Amino acid sequence: MVAMNIQAERGHEKLHVSFGSQAQLHLQHYAKIPERELFYYLINMDEFPSVGPRAQQLVAGHLEQVRAMLESTAAVPQRLQSFSYTPASFAERMAALYQHQIAALPPLDVPLTAEQLHYVLKQYAPGALIDGCWLQNISLAATNHTEIVARLFHIYVEKIGDGDASRHYGNLYQDLLRSAHIYLPEVNARLFTTRNDLSDAAFTRPVFQLALSLFPRVCLPELIGFTLGHFFDSQDRLLVALSGEIERHGLDGCYCQRYVLPDQPGKEAQLIHDVVISYLDGFRDEADRQQHWQRIWNGLVAHTVISERWLLDLYDAVSKPRTLTPHQKMVAMVREKAPHARNMHRNRKLGGQLINDWFAQEPFDAEGFLKSLAASPFVNLKMPLESALLTRSIRFGGPMFRIFTEAEEAVIAEWVQSLASEDQTVRASVAVDTSPVSRLSLAPAPPDERSDLATYAKCGKRELYYYFVNADLYPDVLPTARKIAQQYFKRAKAEMGKRNQPEQLRLFPYSHDAFESRIRLIYETETSAYETFVPPSTVPREIMVWFTQQYAPFPMVDGSWVQHIAKAGVSQTEISARLFRIYSDEVGNADTLLNHPNVYRRLLEGEGIHMPPTASLEFAMQPALRDFAFDLPLLTLSVSLFPKAFLPEIIGVNLAIELSGLGKGYMQIIDELRYWKMDPYFFTLHLTIDNIASGHTAVAMETVHLYLDKILAIQGQQAMQREWERIWIGYLAFKQSMTRFDSTLEREATLRFMMPLIRLTMMRRKEKKQRQALKAG
């Protein structure tokens, strides 16, 4: 395995990232890929894990540049020069940085044309549509219970709307674009990165942010520093300055309002300020504290350097009134059309060369093509509007009818007219970079996963639990995780087809009413099966303590099935917003006291059970835990790593989990725990928040309807039923795993606690006889 050369140290803990035996090959494959193409692979990292080594190299390269820059005070503005950390010196420098960014707001010298404003808005799109993405992996099963992560998670929650898609920063920016009649492809689509009207420079900052997000523990100090820089230095000041222009043009300015700088730092700025202090307070050794402070500062400076370069270039582009010439517009348009025009012109020629050969060139010679077109019979310089290009070629009956939009036809007409004009003013263009966008290479072939699968082939459930919990440190485990998830679903599908399947578990044709009826039947059956607890308990206390111990691997990763549901590129959807709302609740809504794994750990601690940290190998290898205790979490952890590929199954797993918190099962557990004076709050908590009226179960049901309604609207009834089957398979996978856990637990408990059960039975019989004797006397 190849380890990442950046390592995190805290106390005696050292963290590395392993990319597997093929890391060098993957690094070479992506080495020459431009940043705009890396954007596509990074935003779809769950499907292209092989890009990881290149992401690490990119992050390490930027940080090394920052370190080298900081060694020379002459190359760094005074406000960014390194200093020794103390709470006082830190507060003083942050105050200075904040006031600097307020004072540094760039004015616009002249009003912008609509064309210039549209250009700027497009260049912001790659970053603004995934605003906050550097924190997308901050909250994981391994870390969500910690104070530092909870605070950073709160900042990410704000960026993605806290479960409300209408407040999602990316959606607010999308509203701004649409108000300007700018319609871009989905941000995680390949077509987004191939847009000629998005410059290469527009991808530099978001690519670094996406790459940095892949290392939430190894690069935690740098992530803290990057976030600190976001709020205290070099925010999107140009966008703030543009707010007046946006208003003048009648556009939606809600996104810009999020970046208005108050006189004093706002709550998120104060929050990240406090995170730095809390993080550094955790180091007793002063040398360690200063080392980690320098890493935090490097992260802040990296944010500033990358942002300043981007903002200066963009500000320079709009600081002077410029526009495109008709020729430059035409060049940009034909370059965009060229990839789609190959092999479409048969034997027709232009300028003595086959038109197909023109478009087959790499790179396409747009200038030469237009020069030949201008000299051809298709253009009439004396009567430009009578040119065959305009009257026959693109009109009804012509060979290029409806090839061009109305706006593009207007560009062609303007270009033809400009050719006939004796007064051709050539002005510099900044609204569009007309240099050709390099053709993106074909998506890399799926990597040969045999080596990575072989690495983990002999791992048992315990080892896999460890690797899945720490998947950010072992990304080469993803093929194994996919295989494990598929095994769960394959087994569920096989069981689904059996004739002896209980009625409530059988697949049925989906409709709103049928689904509602089935789920309410399941709910009512479970709740009505509960019988009021009558003491004394029939379960020995030893068994209840043992149960809480064996169950622990699952609640210690509570919410794990949706831990990646709000990643960049999917967090803006209604589906993601609903499932993220559930995840946020499971991890305590950024409050470690309410964090469900912490609540369960308090139950264990109350019984004298002191478990190692969940992310440690020691946790998985505890002799007190049985192998079957890891079945449930292996399902939730493995499926979570593929939030796009396994979305229907995740929706189904989520539905099963939320329903399992209601009814007989948890109610009986609560009764038994209370009787034995054990803390039942973990189970009580789920009994309330999972309620079917407005809680997680209601949200889970809404998610099913919403997802399938969208499939029906786009793909039709058959596709909807196929996706419904996948949802139900996910549902069954969890139900079957839970049933196996319960039956195995009961069987092993009976064998393990035979004598306590006998003693309890004899004691209960004796008590019964005594009560009968008293009643008879």
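This dialogue treats the empty spaces of a predicted model and one of its residues.

Visitor: How should empty space be read here, and how many cavities of 30 Å³ or more are found?

Guide: Rolling a probe the size of a water molecule over the atoms shows where empty space is left. On a 1 Å grid over the protein atoms alone, a cavity is a set of points where a 1.4 Å probe fits but cannot get out. The search of the whole structure finds eight such cavities of 30 Å³ or more. The largest holds about 310 Å³, a volume being the space filled by probe spheres set on the grid points, joined across faces, edges and corners.

Visitor: Which residues lie nearest the centre of the largest cavity?

Guide: They are Ala471, Asp472, His564, Lys567 and Leu641, among 20 lining residues, where lining means an atom within 4 Å of a point.

Visitor: What is the volume of the largest pocket?

Guide: A pocket is an open set with protein on both sides within 12 Å along at least five of seven lines. The largest pocket has about 1500 Å³. Of its 46 lining residues, Lys664, Gly665, Gln668, Ile669 and Asp742 are closest to the centre. Helix α34 supplies the largest share of this lining, 13 residues; helices are DSSP runs (H or I, at least four residues), numbered from the N terminus.

Visitor: Is Arg79 buried or exposed?

Guide: Arg79 counts as buried because its relative accessibility is 18%, and buried means under 20% relative accessible area (1.4 Å probe, protein chains only).

Guide: Residues are numbered from 1 along each chain as its sequence is written. Local features need pLDDT of at least 70, side-chain atom pairs count only at pLDDT 80 or more, totals for chains, interfaces and linings use all residues, and side-chain values use heavy atoms, with hydrogens and water left out.

Definitions and conventions
Helix = DSSP H or I, 4+ residues; strand = E, 2+ residues; numbered from the N terminus. Buried < 20%, exposed > 50% of the residue type's maximum accessible area, 1.4 Å probe, protein only.
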